[in-house]
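Q: I should like to learn how to read the features of a protein model one by one. Could we begin with the cysteines?

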Amino acid sequence: MQKKLLNNSYVPFIFLCAYIMIGFVPSFNALETKHTHFLFASILNILSIVLFYNKRFSILEKRVPTGVKYYIFLFWILFFWALCSSTWAINRNESLLSAMQLMTKIISLFCVFLWLFIMSKKQIYWLFKALLIALLVDNFSVINYFLENKNVARSSKLLSNLSHNYSNINILSASLVLKVPFALFFIVNETKRFWKFLALFTVASTFSVTLFISARTGFYNLLIISGLFLLYILLFRRRKELLTYCGVLLVFIGVSIFFTLNINKVNRYKLNRIEQMFSPDFRVKIDNTSQKSVFTNLSGREIYWRNAINTFKNYPLLGVGLGNWKLSSKDSMITKNRSISFLPYRAHNDFLEMAAELGVFGLFLFTSIFVLLFYFCINSFLDKEVVHKKDMFFCLLLALVVFLSDSIFNFPFERPSVFILFVLTSGLILFNNPQSQPLEKKRIRKPIVINIVFLAILSIVVFTLFFNWKLFSSSMYEKKIYYSVKNKSYEDLTKNKTYTYQNLVDKINTLPNQLGADGQSLEMYKAIFARAEKRYKQSIEHYKNAIVQMPSNKLPVRGLIEVYYHNLKNKDSALFYSKDQFNNYPFDKGNYLILRGLYKEGKDTVEVMNTMNRFLKHSPNEVKTWMSKAYNHYVYFKNKKRVDEIIDSAITINPESKKELEDYKKGLVKE
């Protein structure tokens, strides 16, 4: 049965299409969709290896191209170095989990390469068509959503309600734009007009989609590869027909952009502006001199990059361990964003994140993968012996440019749905370059070794399947807990008997991961339920465990302070932790209120005023705190002149609250 399946010429194509469609797989109630996609990839991997096993000797009779050997070798070295990094990682558990996910990606790479190795040449063309159709389906889904809501003003809420299976707009964008070079291939290589115009329409509609979903990087990548494609046509394929199609493409793109700016208008009488399309939150900064609205840049990637570079500087040789950048010090980032709940999970630059996590050697290996691919792709494109494949190699080169660009601004390497497209691009480059031809046959001298190797690979695949199933199950359970806690009071938690502290602890202790998909330690859930059931001693223990697991996360410290202050009435411990938190993060309002309350209870007026002044220095927009400061000066010092100065300062900084502040001052003085 297995031999018949593998001998069927359609099977490689079907399996490769299944890998391509990973991005279409829904979350199945997992909190993080990537766990579902990793599980789906593992299922495809085990099916592939089982089918390959019966044809292992005939497969290995062919000589593997040198580039493929180097490519796979680099990935395996990267994996073993990542595995080693767990010994010095900040959180060893998180490092090992990340290494196992890397293993899943390498096995997927191995299987995709084997399918490409045995598939017929004509099926490559089918594969390109499958990618074109997948892109068209994704585009239609997004455009249809915005057309259904065409009269709704553009906003972050509108964007967040968009349903897709990529879990993140950046990943959706990367998946779309990576498929565009395969669509461009049909413009220069297809003889049937239907496929040419379908490709033209699909490419143009991708411009619309990247604008709709506020994908700045994706939109700029589209401009770059479209420009390079037009340049290629002018320099290498100057045929009248192709130049005409390029003109049509430009018209389609222009119409597509105009159409997009006319949907979900913020001002019903004007088209949306491009900057509005990339600023869905519409946090507008008012320029006081010109009184014009200036859209702020909300990406903040430079903060992430600076932190990753600083982490690399601190740990240049070994890094902090794979998957551990998110656990490294985030003090400067928290201060910059003025929020202790600011917990960036990714550096939005795969190269910098790899440098921070695996040091200079890890960065060298990761960069070498790209250098190898660009070398073989450019070399093949310039080779005179493969003129008939020049179009294909140029489009594959564009796909590499997209992935490289997205790796600099986002995190495509992490996600299976995008990584598979990268692997597919890599395989098409390495198996079609001139050095891989002809694929001579060789004798299999040690069949027993081949059997052992395949059985070892099968064992690894079974292990990764089990591992990804456990992570997927964990993610499903975490989603239930997350929504049972979200926006609930401690009283609400005790009323809901679905989850209790004890059954929660028993379940979480069986999970493979210590950190959740939302970036929090799972110890936080234990602490919250313990506090709800008035098990304050256990709650404190869990908060302290969370601090150890995520030293850069300051929310467990806040929880610890609240238990000591509100529940145990242990003012000394609350004061100790609160002062330390305030010294590091004076803008944290929740902690400020606790510290001010402690000083008030101790009747330490000087410290109350000092704490208030320092908080206002870092949080000048807190109007209520300005009022409290004015009240304290009036009540304790009877200084009306100082009250006037405080209120005037508050109005200068917060002109939009002028009436509220003036009314408060009048009421205060009357009292």
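A: Certainly. A disulfide is a covalent bond between the sulfur atoms of two cysteines. In this structure, which is a predicted model, the count of disulfides comes to zero.

Q: Why is cysteine 395 not in a disulfide?

A: The closest cysteine sulfur to that of cysteine 395 belongs to cysteine 377, and it is 9.8 Å away, too far for a bond. A disulfide would require the two sulfur atoms to be within 2.5 Å.

Q: Are cysteine 395 and cysteine 246 buried or exposed?

A: Cysteine 395 has a relative accessibility of 4% and therefore counts as buried. Cysteine 246 is buried as well, with a relative accessible area of 7%.

Q: What is the secondary structure of the protein, and how much of the protein is buried?

A: The protein has 30 helices and two strands. Of its 671 residues, 53% count as buried. The protein exposes about 31000 Å², of which carbon and sulfur atoms supply 59%. Among contacts with a separation of 6 or more, 73% come from residues 24 or more positions apart.

Q: How should one read aromatic pairs, and how many does the structure hold?

A: A pair of aromatic rings is described by the distance of the centres and the angle of the planes. The structure holds 53 aromatic pairs. One of them joins phenylalanine 207 and phenylalanine 219, with 5.9 Å from centre to centre and 90° between the planes, an edge-to-face arrangement. This pair links distant parts of the chain, twelve residues apart: phenylalanine 207 is in helix α10 (residues 193-212) and phenylalanine 219 in helix α11 (residues 216-236). Both phenylalanine 207 and phenylalanine 219 are buried.

Q: Why does the pair of phenylalanine 403 and phenylalanine 422 count as stacked?

A: The ring centres of phenylalanine 403 and phenylalanine 422 are 4.2 Å apart and their planes are at 20°, so the pair is stacked. The pair ties together parts that are 19 residues apart in sequence, because phenylalanine 403 lies in helix α17 (residues 390-409) and phenylalanine 422 in helix α18 (residues 416-432). Phenylalanine 403 and phenylalanine 422 are both buried. They also belong to a cluster linked by ring pairs, whose members include Tyr71, Phe113, Phe351, Phe413 and Phe419.

Q: Which lysines lie over the face of a ring?

A: Two cases may be given. Lysine 105 lies over the face of phenylalanine 419, at 5.6 Å from the ring centre. Lysine 326 lies over the face of tyrosine 345, at 4.7 Å from the ring centre.

Q: How should one read salt bridges, and how many are counted here?

A: Side chains of opposite charge can pair when their charged atoms come close. The count here comes to 17 salt bridges. In one of these, the side chains of glutamate 562 and arginine 531 meet at 3.1 Å, N to O. Glutamate 562 lies in helix α24 (residues 555-567) and arginine 531 in helix α22 (residues 523-532), so the pair ties together parts that are 31 residues apart in sequence. Arginine 531 is buried, with a relative accessible area of 8%.

Q: Where in the chain are arginine 558 and aspartate 588?

A: The side chains of arginine 558 and aspartate 588 meet in a salt bridge at 2.3 Å, N to O. Arginine 558 is in helix α24, whereas aspartate 588 is in the loop between α25 (571-584) and α26 (589-601); the pair links distant parts of the chain, 30 residues apart. Both arginine 558 and aspartate 588 are buried. Elsewhere, salt bridges that share partners join Glu32, Lys34, Arg346, Glu414 and Arg415 into one network. Within that network, the side chains of glutamate 414 and arginine 415 meet at 3.4 Å, N to O. Arginine 415 has a relative accessibility of 3% and so counts as buried.

Q: How should one read the backbone angle phi?

A: Most residues other than glycine have a negative phi, and most peptide bonds are trans. Serine 214 has a positive phi, near 60°, and its place is in the loop between α10 and α11. Lysine 534 likewise has a positive phi, near 60°, and is found in the loop between α22 and α23 (536-549).

Q: Are serine 214 and lysine 534 buried or exposed?

A: Serine 214 counts as buried, at 16% relative accessibility. Lysine 534 is exposed, with a relative accessible area of 63%.

How values were computed: Residues are numbered from 1 along each chain as its sequence is written. This is a predicted model: local features need pLDDT of at least 70, side-chain atom pairs count only at pLDDT 80 or more; totals for chains, interfaces and linings use all residues. Side-chain values use heavy atoms; hydrogens and water are left out. Helices (H or I, at least four residues) and strands (E, at least two) are DSSP runs, numbered from the N terminus. Buried means under 20% relative accessible area, exposed over 50%, partly exposed in between (1.4 Å probe, protein chains only). Contact means heavy atoms within 4.5 Å. Accessible areas come from the Shrake-Rupley method with a 1.4 Å probe; for residues, only the protein chains shown count as cover. Rings of Phe, Tyr and Trp (its six-membered ring) pair if their centres lie within 6.5 Å; planes under 30 degrees apart count as stacked, over 60 as edge-to-face and the rest as tilted. A charge sits over a ring if NZ of Lys or CZ of Arg is within 6 Å of the ring centre and within 35 degrees of the ring normal. A salt bridge is a side-chain nitrogen of Lys or Arg within 4 Å of a carboxyl oxygen of Asp or Glu.
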